[in-house]
Amino acid sequence: MKGAEALLRALEREGVEVIFGHPGGAIMPTYDALYDSPIRHILVRHEQGGVHAATAYARASGKVGVVMATSGPGALNLVTGLADAMMDSTPVVAITGNVPRALIGTDAFQEADVTGVTMPITKHNYLVQDVNEIPRVVKEAFHIASTGRPGPVLIDIPKDVQLEEFTGSFDVPLDLPGYKPTLKGHPKQIEKALDALEKAERPVLMVGGGAQHAHAELLAFAEKTGLPVITTLMGLGAFPGNHPLWLGMPGMHGTVAANRAIHHADVILAIGLRFDDRVTGKVSRFAPHAHTIIHVDIDPAEIGKVVRTHIPIVGDSRLVLKELLKGAKALRLAAWWRQLEEWRTRYPLRYKPKPHLQSQEVIRAFHEATGGHAIVTTGVGQHQMFAAQFFPVTRPRSFLTSGGLGTMGVGLPFAIGAKIARPEELVLDFDGDGSFQMTLQELATVVKYGLDVKVVILNNGYLGMVRQWQDLFHAKRYSEVYLADSNPDFARLAEAYGIKGVKVERKEDLRKGVEAVLNTDGPVVAEFKVYQEEGVFPMIPAGGAAEDMIIEHPAEREEVEA
Amino acid sequence: MRHVISVLVQDHPRVLNRITSLFARRGFNLESLAVGTTHQPGLSRISLVVSGDDRTLEQVEKQLNRLIEVLKVTDHTEPHVERELALVKVHVAGVEERLAVKDIQEAFRARVVDVAQKSLILELTGDSRKVDSFIEALRPYGILEVMRTGAVAMSRGDRVLKVREKKEAV
Ligand SMILES: Cc1ncc(C[n+]2csc(CCOP(=O)(O)OP(=O)(O)O)c2C)c(N)n1
Ligand SMILES: [Mg+2]
């Protein structure tokens with residue numbers, strides 16, 4: 001058996017069912033072995049599409065996503081996706097070929113120092129120097145990627161190692177003396193947390209992507225205590241978006257209720273989130289009335305990194321919530337809830353209706369038509385925020401977006417990965433005209449595998465989010481954000497791929513358009529030509545605080561003191 | 001505040017790279033770094049001199065612990081021994097200067113390890129402040145070269161840097 005075959009055996013032993021990838025010279029021995037392997041391979045048209053698809057596969061399924069690429073240019077095309085998976089703590093294993101060992105360091109054809117380049121954007125990486133190390137490296141890579149705080153791990157295998165005769169064993173013990181994640185929260189800390197919550201007058205529960213797998217425990221704990229729940233962009237779906245205890249999303253484009261709740265809270269229980277600056281705004285002005293912040297995270301380095309933490313709990317959110325639940329009591333929060341309810345009813349997410357078709361109403365129409373029952377993916381920009389605001393998902397692992405890195409172009413590859421992970425689900429990609437064009441080559445992948453994904457392009461003819469900042473903070477100097485003069489006809493583009501194209505330009509055609517998308521058996525690319533000058537609100541400007549929240553466009557400004 | 005941190009690592013390729021890359025990326029202030037093998041095969045020990053406030057130092061420790069090949073991290077806030085070795089090549093023009101430099105050498109208990117017509121190499125071991133003052137004392141005579149190893153440290157008493165309990169990591 002050659003190294004390449006040993007690699008595939010090792011992957012099979014990890015339960016890998018699907019690999020997203022793109023071949024090339026330095027990985028050819030492995031592609032040759034793949035020819036006889038039961039593992040399914042999804043051929044993407046760009047390695048970036050592959051790593052994003054693997055990321056979404058992982059997030060939608062809870063399993064490890066696997067991507068494969070050749071040396072040099074192939075591997076370097078993974079960089080953005082690895083950084084994205086790292087930022088959003090997603091278990092991905094990337095396998096890259098490299099030039100033969102003897103050529104490493106000689107600037108050989110298609111050589112790049114891939115382990116060097118990816119060091120800061122992977123949880124760990126390996127350069128395999130010995131064919132018999134393959135089983136150990138694969139085992140460690142999957143373990144590291146999927147346990148503790150999940151993240152991407154890259155395995156770089158020189159071509160001659162793939163070709164060398166394997167004489168080792170697959171039964172290797174896992175020996176990682178420097179890697180022992182703490183899973184169980186400290187009982188004393190959990191007790192302290194419960195105590196603080198019991199004494200709290202205005203407590204809030206904030207959850208992030210680290211609680212997606214803890215949704216059942218989270219729901220039980222929230223219902224038992226009656227705590228108001230706020231979910232970050234990565235936490236959407238970890239708690240049902242139609243639940244009376246849910247206040248929405250916090251931060252830059254969060255709800256008034258969520259941001260005010262945090263602003264006025266005396267005790268904050270934060271679970272599986274890392275206080276990104278898009279959530280906190282200016283840290284020194286974040287949650288100024290909170291005398292106690294309880295932070296539950298599996299990564300000790302996140303605790304105390306951004307905000308002062310009074311009760312740190314290192315552990316797996318699910319196990320910690322289980323323990324919290326054991327001691328949880330119904331809290332008396334009637335007065336607090338009266339206040340929250342007032343903010344919630346006074347400031348619902350809304351938009352000023354315009355004569356044009358608007359992004360928000362498109363998303364809302366899809367939400368109504370599907371009952372919210374879909375896996376949503378997005379690009380990055382205004383449409384992403386509108387999707388977060390107007391398509392409140394109710395189930396975990398169903399809102400797949402690029403949170404930490406804000407990577408334009410993830411929408412379509414995420415949809416592909418999600419559809420492969422959960423083929424029975426409706427997969428809706430709410431995409432931007434700008435974002436979509438960053439990875440649209442993956443329409444070919446959609447066709448190749450007959451993937452029933454619905455791409456909904458909210459075509460505002462602009463890099464809308466950048467335009468919004470120029471509008472608000474750069475004196476309307478719209479520098480290099482106009483796309484409409486050169487955008488393709490998206491419906492015809494889809495048709496060139498053999499995919500059904502839909503185009504909706506007028507408000508009155510909205511229902512019909514939505515139906516055309518949802519009633520099509522198979523993939524659709526639908527272009528909704530939306531109002532070009534829309535802004536996402538509410539908005540807390542970068543570096544601001546809840547008190548600086550702008551509820552509507554300054555032209556109709558109604559600033560709100562928190 | 002200046003801290004000396006000892007790190008026990010698996011001596012895999014690039015492990016040093018991972019540590020320096022971490023410091024660069026996170027903007028931690030690394031004043032010196034010394035690395036060497038230990039009595040245990042496969043394990044290396046690194047001494048880092050880092051400056052920063054308590055919060056930064058907490059992050060330094062935690063971020064180091066996130067590295068898979070890092071087995072143990074200790075910030076030496078307890079009584080510890082700290083040493084640095086320096087080689088200083090100093091210009092000595094005539095007999096008078098030679099004698100003056102010899103006085104400094106004796107006062108600091110440094111050693112002469114090379115003698116040439118117009119220069120001497122002095123070797124000094126001590127904590128970093130002692131090395132600093134040594135260099136300052138020699139400066140008027142014309143220092144030609146300095147090489148310092150960076151501080152290495154070890155806890156006093158029976159405390160030992162080893163992989164005892166399982167470290168917290170992610
Ligand atoms: C790869 C990448 N490049 C640039 C940006 C900066 N950026 C953030 S939002 C945005 C505009 C996105 O435009 P579009 O996809 O059309 O979405 P819209 O805001 O118009 O809804 C840009 C350029 C980014 N997030 N990612
Ligand atoms: Mg746009």
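How many residues of chain B are in contact with chain A, and how many of chain A with chain B? On the chain B side there are 23, and on the chain A side there are 28. Before going on, please note that this is a predicted model.

I will stay with the interface for a moment. The size of an interface is often given as the accessible area lost when the parts come together. Here, chain B and chain A bury about 2200 Å² between them, and carbon and sulfur atoms give 55% of that area. The count of residue pairs in polar contact between the two chains is 10, taking pairs with both residues at pLDDT 80 or more. Which elements of chain B each supply at least two residues to the side that touches chain A? They are α1 (15-26), α2 (54-66) and β4 (70-75). Of these, α2 of chain B gives the most, with six residues. Sorted by class, that side of chain B has 11 charged residues, seven nonpolar ones and five polar ones.

Now the charges. Side chains of opposite charge can pair when their charged atoms come close. Two salt bridges are found across the interface of chain B and chain A. In a salt bridge of 2.6 Å, N to O, the side chain of B:Arg14 meets that of A:Asp113. There is also a network of salt bridges that links A:Arg149, A:Asp299, A:Glu302, A:Lys305 and B:Arg66.

Next, chain B as a whole. It has 170 residues, and 45% of them are buried. Chain B contains nine strands and four helices. Read from the N terminus, the order of its elements is β-α-β-β-α-β-β-α-β-β-α-β-β. The C-alpha trace of chain B spans about 60 × 30 × 30 Å along its principal axes. Take the contacts in chain B with a separation of 6 or more: 74% of them are between residues 24 or more positions apart.

Over to the metal. Which protein residues are donors of the magnesium ion, ligand 2? They are A:Asp433 through OD, A:Asn460 through OD1 and A:Tyr462 through O, at 2.0 to 2.1 Å from the ion. Along the chain, these donors follow the spacing D-x26-N-x1-Y. A:Asp433 and A:Tyr462 are 29 residues apart, with A:Asp433 in helix α18 (433-436) and A:Tyr462 in the loop between β16 (453-459) and α20 (464-473) of chain A. Both A:Asp433 and A:Tyr462 are buried.

After helix α18 comes a loop that leads to α19 (443-448) of chain A, and A:Thr439 is in this loop. Is A:Thr439 buried or exposed? Its relative accessibility is 1%, so A:Thr439 counts as buried. Leaving out residues up to four places away in sequence, A:Thr439 touches A:Gln48, A:Gly409, A:Leu412 and A:Pro413.

For a second loop residue, look at A:Val283, between α12 (277-280) and β11 (292-297) of chain A. A:Val283 has a relative accessible area of 34%, so it is partly exposed. With the same neighbours in sequence left out, A:Val283 touches A:Val306 and A:Val307. The C-alpha atoms of A:Val283 and A:Arg308 are 9.6 Å apart, and the two residues are separated by 25 positions along the chain.

Helix α11 (256-264) of chain A is mostly covered, with eight of its nine residues buried. Among the buried ones are A:Asn259, A:Arg260 and A:His263. The cover over the buried residues of α11 includes strands β7, β8, β9 and β10 and helix α14 of chain A.

Last, some salt bridges within chain A. Over all chains the structure holds 47. A:Lys503 and A:Asp489 form one of 3.2 Å, N to O. A:Lys503 is in strand β17 (500-504), while A:Asp489, 14 residues apart from it, is in the loop between α20 and α21 (490-496). A:Lys503 is partly exposed because its relative accessibility is 35%, and A:Asp489 is partly exposed at 27%.

The side chains of A:Arg506 and A:Asp509 also meet in a salt bridge, at 3.1 Å, N to O. A:Arg506 is partly exposed at 46% relative accessibility, whereas A:Asp509 is buried at 17%. What is the cut-off here? Buried means under 20%, so A:Asp509, with 17%, is buried.

Terms used
Residues are numbered from 1 along each chain as its sequence is written. Chains are lettered from A and ligands numbered from 1 in the order in which they are written. This is a predicted model: local features need pLDDT of at least 70, side-chain atom pairs count only at pLDDT 80 or more; totals for chains, interfaces and linings use all residues. Side-chain values use heavy atoms; hydrogens and water are left out. Donors are N, O and S atoms within 2.8 Å of the metal (3.2 Å for Na, K and Ca); water is not among the atoms, so sites may look incomplete. Buried means under 20% relative accessible area, exposed over 50%, partly exposed in between (1.4 Å probe, protein chains only). Contact means heavy atoms within 4.5 Å. Buried area is the accessible area (1.4 Å probe) that two parts lose on being put together, summed over both. A salt bridge is a side-chain nitrogen of Lys or Arg within 4 Å of a carboxyl oxygen of Asp or Glu. A polar contact is a pair of N or O atoms within 3.5 Å; within protein, one must be able to donate a hydrogen and the other to accept it, and residues adjacent in sequence count only if both atoms are side-chain atoms. Ala, Val, Leu, Ile, Met, Phe, Trp, Tyr, Cys and Pro count as nonpolar, Asp, Glu, Lys and Arg as charged, and the others, Gly among them, as polar.
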